[in-house]
Amino acid sequence: VPAHNGAPYGVVARFLLSDFFTVSTLNLAIEDPDLKGFSAGFSDGSYGYLVPCNNGALFGKVARFSLAAFSYAGMLDLTETDAALKGFRGGFTDGLHGYVVPFRSLTGASKVARFSLSDFETVRVLIPA
């Protein structure tokens, strides 16, 4: 997961498991300069998703990339749903939705964002009890 390489970083690397030497990279910051400084990631089997954390400031843009083509496949700005949805520390999927988990000491918030994997635009804010 691209986080920091002396500065916020947005390059995803992949390598062949068969030889560990063949490496490809995908620079997400070329698509959007905010797409760097991620804290975690997860996959639904077709796409990889990167959890937004800090790109110089807390941010809320989830990046998605195709695993098959290893190419940029979109961005979802969670702050368009709720300005507090930024600065996350983890993420996971239940097969239908992606979830990003807040890091309380960074944001002071405890809102979990849930988004649809199928349309990659429907966002729901969950507030744990």
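Reader: Which residue in S10 stands opposite arginine 114?
Author: This is a predicted model, where local features need pLDDT of at least 70, side-chain atom pairs count only at pLDDT 80 or more, and totals for chains, interfaces and linings use all residues. Residues are numbered from 1 along each chain as its sequence is written, and side-chain values use heavy atoms, leaving out hydrogens and water. S10 is a strand (a DSSP run of E, at least two residues, numbered from the N terminus). Opposite arginine 114 in S10 you will find arginine 124.

Reader: How many bridges join S9 to S10?
Author: Two strands count as paired if DSSP finds at least two bridges between them. S10 covers residues 123–126 and runs antiparallel to S9. The number of bridges joining S9 to S10 is four.

Reader: In what order do the strands of the open sheet lie?
Author: Strands of a sheet pair through backbone hydrogen bonds, either parallel or antiparallel. Here four strands pair in the antiparallel sense, in an open sheet. The edge strands, each pairing on one side only, are S7 (88–93) and S10. The full order is S7-S8-S9-S10.

Reader: Which residue in S9 is the bridge partner of histidine 97?
Author: Strand S8 (residues 97–102) pairs with S9 in the antiparallel sense over four bridges. Along this pairing, valine 100 stands opposite alanine 113 in S9. For histidine 97, the bridge partner is serine 116.

Reader: How many residues of S9 are buried?
Author: Buried means under 20% relative accessible area, exposed over 50%, and partly exposed in between (1.4 Å probe, protein chains only). S9 (residues 112–116) is mostly covered. Of its five residues, the number buried is four.
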